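Please look over the predicted model shown here. A few questions about its domains, a helix pair and the ligand come after it.

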Amino acid sequence: MIDFSLTDEQKQLQQLARDFARKEIMPVAEEYDRREEMPWDVIKKAHEVGLLNVAVPEHAGGLGLGMVDECIIGEELAYGCMGMFTIMMASELGITPILVGGTEEQQKRFLSPLVEKPALAAFALSEPNNGSDAAGMHTTAVLDGDEWVINGTKMWISNGGEAEVTVVFATTERGAGHKATVALVVPKDAPGFSYNKIKHKMGQRASLTSELVFENVRVPRENQLGGLGDGFKIAMKTLDKTRIPVAAGSVGVARRALDESVKYSKEREAFGKPISSFQALQFKMADMAMGIETGRLMYLKAAWLVDQGLPHGYESAIAKAYCSDMAFDAANEAIQIHGGYGYVGEYPVEKLLRDVKLNQIYEGTNEIQRVVISRSLLKD
Ligand code: CAA
């Protein structure tokens with residue numbers, strides 16, 4: 001059976017997120033982008049209304065929402081501001097390895113604080129010298145009695161340093177590849193753990209991106225997720241899931257680009273009539289609509305597979321790459337429709353392009369998504 005309708009509960013969640021985007025995000029998005037500042041007041045309100053850390057399971061005090069729910073919310077929040085959505089999405093990214101590799105006791109211990117107060121999680125995999133080759137990490141973890149001692153530097157970490165808990169991937173033997181990796185949960189206040197904010201990003205400037213520095217950071221062995229050598233696989237299983245909200249957010253950005261284009265093209269006149277009457281512009285908007293509708297179907301299919309417990313890595317990679325490329329094109333065309341006004345900050349479309357560029361890069365570049373897709377096609 002195929003059914004494209006949302007449940008009443010999903011419609012309510014969608015409306016809640018849509019209202020939140022309109023009332024709490026859109027009025028302040030431009031300002032936080034300009035100030036390059038984390039919008040803690042918005043995060044606090046998101047926590048109050050139940051839109052933060054929605055994947056925390058019920059046994060840890062959370063809502064335990066599924067991936068379809070998370071994506072429906074994500075499309076709406078990203079419509080308001082992709083940077084602000086990234087903060088919330090990156091927190092779910094930090095939560096996911098604890099769901100994938102953690103015991104019920106660990107989930108309660110690490111995730112309960114994320115529902116009790118407005119707090120975030122983070123996921124630390126990339127390093128200054130390796131992003132796509134995730135298994136080639138240099139950050140080390142050495143066992144000393146019952147404690148892991150972590151040394152190294154992580155790079156491009158969303159929510160990095162401000163997150164209550166950070167899942168850090170490290171190697172127990174440099175050069176030994178994925179079989180020597182381990183996933184460790186590091187609390188915000190661990191001695192030796194510090195961060196540097198990365199400034200002057202092109203877009204998504206409300207979202208904090210950091211370099212994390214670990215100098216003899218000690219965590220108890222109970223903070224290890226899964227077994228020795230499981231780190232890389234936990235990271236891959238996580239990303240197979242969390243690339244889908246990137247797709248949903250991208251659809252939100254594309255929808256905003258289309259709405260802004262429709263509005264502007266009806267207001268702006270040229271040659272004595274609204275520019276919306278010209279087919280050259282109508283076709284651009286029709287192409288945007290085709291991309292949005294197609295992208296939404298793809299992210300919903302991938303999310304549905306996750307919720308059914310079915311394999312989803314291939315579909316998640318297609319959704320992430322397709323939707324972020326599609327949204328980048330939509331934002332680009334929205335600027336074209338706005339002409340010179342689109343190129344300056346007076347209209348929100350230039351921010352859409354700056355923001356959504358990152359969706360083609362983070363959580364695995366779109367080239368890596370094509371590696372995942374083609375490996376799946378070519379495997380025996
Ligand atoms: N699920 C489970 N296991 C997996 C897997 C998956 N999706 N992918 C690979 N594996 C397993 C393989 O089966 C293999 O296991 P065995 O040796 O036991 O058979 C092992 O992992 C190694 O697999 P590969 O040889 O395929 O690994 P690779 O080194 O060639 O890497 C890759 C594959 C797809 C390129 C991977 O490195 C990758 O996804 N790179 C991109 C990393 C990435 O997405 N980084 C984003 C960071 S998050 C972020 O952006 C931060 C933010 O704040 C938003």
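The questions and answers below go through the annotated domains, then one helix crossing, then the ligand.

Q: Where does UniProt place the feature "domain: Acyl-CoA oxidase/dehydrogenase middle", and what percentage of that stretch is strand?
A: The unreviewed UniProt entry puts this domain at residues 122-217. In the predicted model, the end C-alpha atoms of residues 122-217 are 17 Å apart. Helix makes up 0% of residues 122-217, and strand makes up 50%.

Q: What percentage of the chain over residues 7-116 is helix?
A: UniProt, in an unreviewed entry, lists residues 7-116 as "domain: Acyl-CoA dehydrogenase/oxidase N-terminal". The end C-alpha atoms of this stretch are 27 Å apart. Strand accounts for 0% of residues 7-116, and helix for 76%.

Q: What percentage of residues 229-378 is helix?
A: The unreviewed UniProt entry gives residues 229-378 as "domain: Acyl-CoA dehydrogenase/oxidase C-terminal". Between the end C-alpha atoms of residues 229-378 the distance is 26 Å. Strand covers 3% of this stretch and helix 79%.

Q: At roughly what angle do the axes of H9 and H12 cross?
A: Two packed helices are described by the distance between their axes and the angle between them. H9 spans residues 313-338 and H12 spans residues 366-378, and their axes come within 9 Å. The crossing angle is roughly 145°.

Q: How many nonpolar residues are in the contact of H9 with H12?
A: H9 contributes residues including Tyr314, Ala317 and Ile318, and H12 residues including Val372, Ile373 and Leu377. By class, the contact of H9 with H12 has three charged and five polar residues, and the number of nonpolar residues is seven.

Q: Which residue has a polar side-chain atom 2.7 Å from an oxygen atom of the ligand?
A: The ligand is surrounded by 23 residues, and Lys233, Asp240, Arg243, Glu363 and Arg375 are the closest. A polar backbone atom of serine 132 is 2.8 Å from a ligand nitrogen atom, and one of glycine 364 is 3.0 Å from a ligand oxygen atom. The side-chain atom at 2.7 Å from a ligand oxygen atom belongs to arginine 375.

Note on methods:
Residues numbered from 1 in each chain as written. Predicted model: local features only at pLDDT ≥ 70, side-chain atom pairs only at ≥ 80, totals over all residues. Heavy atoms only, no water. UniProt positions renumbered as here; feature names shortened; annotations may be inferred. Helix = DSSP H or I, 4+ residues; strand = E, 2+ residues; numbered from the N terminus. Axes fitted to C-alpha atoms, helices over the stretch in contact; angles between N-to-C directions. Contact = heavy atoms within 4.5 Å. Nonpolar A, V, L, I, M, F, W, Y, C, P; charged D, E, K, R; others polar. Near = heavy atom within 4 Å. Polar contact = N/O pair within 3.5 Å; in protein donor to acceptor, adjacent residues only side chain to side chain.
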